[in-house]
Amino acid sequence: MEYCKNAGPITPSLRCMTPGLEHYLVVSALLFCLGLLGVVTRRNLLVMYMSLELMLNAANLALVSFSRFNNNLNGQILVFFIITVAAAEVAVGLALIVALYRKRQTAHVEDLTTMKL
Amino acid sequence: MGLPDILFYVFAFLTLLCGVLVIANPFSRNPVTSAMFLVLTIISMAGLFVLLHAFFLAAVQILVYAGAVMVLFLFVIMLLDLKEEERRRVKKFGLVAGLVSVGAIVTIFLKVLLASKPGADLPVPMLEGEPAALGKLLFTQYLLPFEVVSVLLLVAMVGVILLSKKDLK
């Protein structure tokens with residue numbers, strides 16, 4: 001608890017080494033950009049999907065840190081719902097990938113260029 | 001700097017390092033290694049959640065993500081034959097375009113963060129994310145969303161069963 005004592009009015013915010021809200025937000029922003037980089041550059045459907053999960057997790061981290069530093073529990077409830085929906089989304093998305101693989105024998109986006117199955 | 005401060009830097013570093021290894025592993029292009037590093041990312045992020053006193057969410061993160069979701073990923077990776085992925089090369093143009101656009105977004109994020117200083121003049125954090133408080137809120141104020149999410153899970157389950165039938169029409 002005492003480690004957050006001067007997390008409030010930090011004037012040179014990022015120069016202070018004690019982790020405050022900004023530190024968590026920077027980690028979250030970098031993680032989000034890593035996920036985005038994965039989605040943009042990798043061409044394998046499964047790895048792209050994992051990068052999407054990375055982006056969702058970055059959003060979760062930002063929400064939890066906002067919730068903690070604003071003394072408001074609603075952010076954590078939202079993260080709880082996001083985790084639930086993400087689990088459902090992963091199941092549906094992977095089922096779609098498997099169905100696509102059965103038709104086309106590939107999980108590579110550059111081989112999936114037509115709209116018709 | 002106390003122990004929690006050092007732990008923050010350790011976990012943040014681990015999270016970002018394993019995140020990099022998920023998308024670009026110099027040693028292996030196998031999706032299984034990506035999945036394993038995603039598990040490590042998620043576990044170190046659960047450590048960050050503990051440092052933020054969100055104990056319940058840290059447990060849920062490990063149980064749901066590192067447990068259920070990653071097992072699903074590994075199942076599908078093993079189900080599909082992805083040997084040829086290792087032979088493919090990354091296209092130069094896509095890599096450069098991706099790096100430039102993501103670099104621009106990183107710059108925007110960091111500039112906004114530095115300019116707005118969201119952590120300034122906040123009160124001392126007292127919040128404890130223990131299961132009791134979270135559950136109380138979940139079953140009073142958020143009862144309707146909770147029920148809707150259960151319906152959503154049912155819909156997802158039915159959809160997945162339908163999608164994975166042999167003769168998909």
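Here are some short exercises with worked solutions on a predicted model of two chains, A and B.

**Exercise 1. Describe the overall make-up of chain A.**

Step 1: Start with the helices and strands. Chain A has 3 helices and 0 strands.

Step 2: Read along the sequence, and the pattern you get is α-α-α.

Step 3: Now look at burial. Of the 117 residues in chain A, 44% are buried.

Step 4: Finish with the contacts. Take those in chain A between residues at least 6 apart in sequence: 38% of them join residues at least 24 apart.

**Exercise 2. Work out how α3 of chain A and α3 of chain B are oriented, and what kinds of residues meet there.**

Step 1: Know what to look for. Two packed helices are described by the angle between their axes and the distance between the axes.

Step 2: Find those values. Helix α3(A), residues 74-104, packs against helix α3(B), residues 55-79, at an angle of about 5°, and the axes are 11 Å apart.

Step 3: Name the arrangement. Angles under 35 degrees count as roughly parallel, so α3(A) is roughly parallel to α3(B).

Step 4: Pick out the residues that meet. On the α3(A) side they include A:F80, A:I83 and A:L94, and on the α3(B) side they include B:V64, B:L72 and B:V76.

Step 5: Sort the residues of this contact by type. You get 17 nonpolar, 2 polar and no charged.

**Exercise 3. Explore the largest nonpolar core and say which helices build it.**

Step 1: Get the count. The largest nonpolar core holds 60 residues, and among those touching the most other members are A:L46, A:M50, B:L48 and B:F49.

Step 2: List the helices. At least two residues each come from α1 (21-41), α2 (45-69) and α3 of chain A, and from α1 (3-23), α2 (31-51) and α3 of chain B.

Step 3: Find the top contributor. That's α2(A), with 13 residues.

Step 4: Zoom in on one member. Leaving out residues up to four places away in sequence, A:M50 touches B:V22, B:S34, B:A35, B:L38 and B:F73.

Step 5: Put this next to a general trend. In soluble globular proteins, nonpolar side chains tend to be buried together.

**Exercise 4. Describe the side of chain B that touches chain A.**

Step 1: Count the residues. Chain B puts 78 residues into the contact, and chain A puts in 69.

Step 2: See where chain B's share comes from. Helices α1, α2, α3, α4 (92-116), α5 (131-140) and α6 (143-163) of chain B each supply at least two residues.

Step 3: Sort chain B's side by type. There are 59 nonpolar, 14 polar and 5 charged residues.

Step 4: Add the domains. Chain B is divided into domain 1 (3-129) and domain 2 (131-169), and their C-alpha centres lie 25 Å apart.

**Exercise 5. Compare A:Q105 and B:H53: what is unusual about phi, and is each residue buried or exposed?**

Step 1: Recall the usual case. Most residues other than glycine have a negative phi.

Step 2: Check both residues. Phi of A:Q105 is near 60°, a positive value, and this residue isn't a glycine. B:H53 isn't a glycine either, yet its phi is positive at about 65°.

Step 3: Locate them. A:Q105 sits in the segment after α3 of chain A, while B:H53 is in the loop between α2 and α3 of chain B.

Step 4: Decide on burial. A:Q105 has 10 other C-beta atoms within 10 Å, so it's exposed. B:H53 has 20 such neighbours inside 10 Å, so it counts as buried.

Conventions: Residues are numbered from 1 along each chain as its sequence is written. Chains are lettered from A and ligands numbered from 1 in the order in which they are written. This is a predicted model: local features need pLDDT of at least 70, side-chain atom pairs count only at pLDDT 80 or more; totals for chains, interfaces and linings use all residues. Axes are lines fitted to C-alpha atoms, for helices over the stretch in contact, and angles run from 0 to 180 degrees between N-to-C directions. Helices (H or I, at least four residues) and strands (E, at least two) are DSSP runs, numbered from the N terminus. Angles under 35 degrees count as roughly parallel, over 145 as roughly antiparallel, 65 to 115 as roughly perpendicular and the rest as oblique. Two residues are in contact if their C-beta atoms, placed from the backbone, lie within 7 Å. Ala, Val, Leu, Ile, Met, Phe, Trp, Tyr, Cys and Pro count as nonpolar, Asp, Glu, Lys and Arg as charged, and the others, Gly among them, as polar. A nonpolar core is a set of buried Ala, Val, Leu, Ile, Met, Phe, Trp, Tyr and Cys residues joined through C-beta atoms within 7 Å. A residue is buried if 20 or more other C-beta atoms lie within 10 Å of its own, exposed if 12 or fewer, and partly exposed in between; C-beta atoms are placed from the backbone. Domain bounds come from an automatic or database domain assignment.
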